[in-house]
Amino acid sequence: PSPLPWVSVASVLCPPLEPTAAAMGHATIRELIWRRCSQAVYGRRLCFLVLLLVVVGVWLTLRVGTLVVDCGRFPASQSKAKARAHKNADSDAGTSSADPSRQELLSALLRFSHDLKNSSLEDNVVRSRRSGCDAQRFGRSNGGHFLCRNLLAASTTCPDYGQCNFLSYGINRDFSFDTALASHGCRGFLFDPTVSHPFHITDNSVFLKVGAPLLNDTSPWASSSAASVATALALERIAVLKMDCEGCEYAISDSILCSSAEPGCDRHFFDKVDQFTIEVHTLTAFAPTAEHVMGLAKLLWLLDESGLKFVLSEDGACSRNHQVTGCPEEFRAAGFDCGHGCKNPLFARVPPTAALGALE
């Protein structure tokens with residue numbers, strides 16, 4: 001049997017015909033398919049439609065599936081230089097980079113609210129492709145998240161990138177997102193203190209019963225921030241950072257702005273990250289104080305400072321009990337939708353134009 005897929009499709013849709021030796025020796029693939037189909041009881045019109053659909057399907061597969069990655073313009077190279085420049089500037093000045101002002105934090109909240117309000121998931125997917133992000137969902141159901149597929153491909157193929165690593169907080173019992181990344185050749189570190197899994201989830205990913213720090217944390221679980229983990233493991237690049245943990249988004253900035261006592265503080269941690277997907281909660285059930293609101297604002301400001309831009313968002317899973325608590329006044333004033341306060345946004349190091357690679 002022929003290994004070519006379109007020959008197999010034709011064999012299924014049209015009655016088989018045993019070709020002669022002459023036909024096998026001289027006929028083209030197209031002629032063989034036509035001979036098979038021409039003897040079908042449905043006639044040549046149906047066979048022509050079958051051929052047309054096969055050709056269009058192959059063309060679409062090649063067009064959508066082909067990624068052209070320009071490693072010389074890949075954002076990882078730019079962010080490496082940026083991280084070095086930040087580090088050198090801090091060393092020369094003997095200080096850390098400036099912390100955000102209150103006005104800058106409020107502006108970050110307003111921008112994020114505007115991004116969420118003025119886009120639908122379908123529009124965002126189309127728009128992201130135009131800007132150089134081939135948005136694709138990795139993982140199943142509530143455990144899945146959108147990523148830029150071509151940015152991930154660059155992180156696994158560009159020679160100067162090094163090891164493709166990802167950190168994933170909040171696994172629960174669905175690690176389909178993580179196994180999908182591991183199947184691309186990335187090395188993964190998975191964290192969740194609420195469940196138990198084997199140490200090796202796949203050959204190149206491991207699970208640790210550890211959580212992300214929370215604001216005013218009183219939980220009994222061990223925790224370690226993403227910045228701390230990256231420092232401990234000496235990770236120079238993080239292809240994907242996923243944080244799907246209720247309430248951890250308000251405390252992420254503490255380990256970056258060095259306002260927490262946890263070791264491993266890294267002021268330029270996000271310079272190492274290429275894609276960041278997170279579940280954000282703007283409900284009082286998760287953010288009961290102004291400190292929580294400002295914690296999220298600091299995170300958004302840090303993402304913008306590092307060059308990670310909003311790409312798209314999809315609705316997350318919020319229970320009715322959480323929804324009825326509404327939004328804190330600070331989120332309401334910034335224009336957030338209090339009707340559905342759980343979102344899964346994607347931030348990525350994608351330039352304004354399709355510089356990292358286009359879809360051919």
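A nonpolar core, as I use the term, is a set of buried Ala, Val, Leu, Ile, Met, Phe, Trp, Tyr and Cys residues joined through side-chain atoms within 4.5 Å. Keep that in mind. The model is a predicted one.

Start with the overall chain. It has 360 residues, and 48% of them count as buried. There are 13 helices and 13 strands. Now take the contacts with a separation of 6 or more. Residues 24 or more positions apart account for 72% of them.

On to the core. The largest nonpolar core holds 56 residues. Which of them touch the most other members? They are L241, M243, F269, F270 and F276. Several elements give two or more residues to this core. The helices are α6, α10 and α11. The strands are β4, β5, β8, β9 and β12. Helix α11 gives the most, with nine residues. Apart from this core lies another one, of 29 residues. Its members include L152, L181, I201 and V311.

Back to F270. Leave out residues up to four places away in sequence, and F270 touches L241, I252, I256, F276, L299, L302, L303, S306, L308 and R349. L241 and F276 are themselves among the residues that touch the most other core members.

Next, the rings. The count is nine aromatic pairs. One of them joins F112 and F347. Their centres are 6.0 Å apart, and the planes meet at 35 degrees. That makes the pair tilted. What does the pair tie together? F112 sits in helix α6, residues 102-117, and F347 in strand β12, residues 342-348, so the pair links parts that are 235 residues apart in sequence. Both rings belong to buried residues. F112 has a relative accessible area of 3%. For F347 the figure is 6%. Ring pairs also build a cluster: F112, F269, F270, F276, F310, F331, F336 and F347.

Now helix α8, residues 149-157. Is α8 largely enclosed or open? Seven of its nine residues are buried, so the helix is largely enclosed by the rest of the structure. The buried ones are R149, N150, L151, L152, A153, A154 and S155. Note that R149 and N150 are on that list. L152 is also a member of the 29-residue core.

Then one loop residue, L257. It lies in the loop between β8 and β9. L257 is buried, at 12% relative accessible area. What does L257 contact, leaving aside neighbours within four places in sequence? The answer is D99, P100, C265, R267, K298 and L302. L302 is also touched by F270. Look at R267 in particular. It is 10 residues from L257 in sequence, and the two C-alpha atoms are 5.6 Å apart.

R267 brings us to the empty space. The count is one cavity of 30 Å³ or more. Its volume is about 40 Å³. Ten residues line this cavity, and R267, H268, D271, E305 and S306 are the closest to its centre. S306 is one of the residues that F270 touches. By class, the lining has four nonpolar, three polar and three charged residues. Helix α11 gives the most to this lining, with three residues. The helix also gives the most to the largest core.

The largest pocket has a volume of about 620 Å³. Its lining has 34 residues. Which lie nearest the centre of the pocket? They are G170, D192, D244, C245 and E246. The lining divides into 12 nonpolar, 12 polar and 10 charged residues.

Last, the backbone. Two asparagines have a positive phi. N172 has a phi of about 55 degrees, although it is not a glycine. It lies in the loop between β4 and α9. N172 is partly exposed, with a relative accessible area of 46%. For N216, phi is near 50 degrees, again positive in a residue other than glycine. N216 lies in the loop between β7 and α10. At 55% relative accessibility, N216 counts as exposed.

Note on methods:
Residues are numbered from 1 along each chain as its sequence is written. This is a predicted model: local features need pLDDT of at least 70, side-chain atom pairs count only at pLDDT 80 or more; totals for chains, interfaces and linings use all residues. Side-chain values use heavy atoms; hydrogens and water are left out. On a 1 Å grid over the protein atoms alone, a cavity is a set of points where a 1.4 Å probe fits but cannot get out, and a pocket is an open set with protein on both sides within 12 Å along at least five of seven lines; lining residues have an atom within 4 Å of a point. Grid points are joined across faces, edges and corners, and a volume is the space filled by probe spheres set on the points. Ala, Val, Leu, Ile, Met, Phe, Trp, Tyr, Cys and Pro count as nonpolar, Asp, Glu, Lys and Arg as charged, and the others, Gly among them, as polar. Rings of Phe, Tyr and Trp (its six-membered ring) pair if their centres lie within 6.5 Å; planes under 30 degrees apart count as stacked, over 60 as edge-to-face and the rest as tilted. Helices (H or I, at least four residues) and strands (E, at least two) are DSSP runs, numbered from the N terminus. Buried means under 20% relative accessible area, exposed over 50%, partly exposed in between (1.4 Å probe, protein chains only). Contact means heavy atoms within 4.5 Å.
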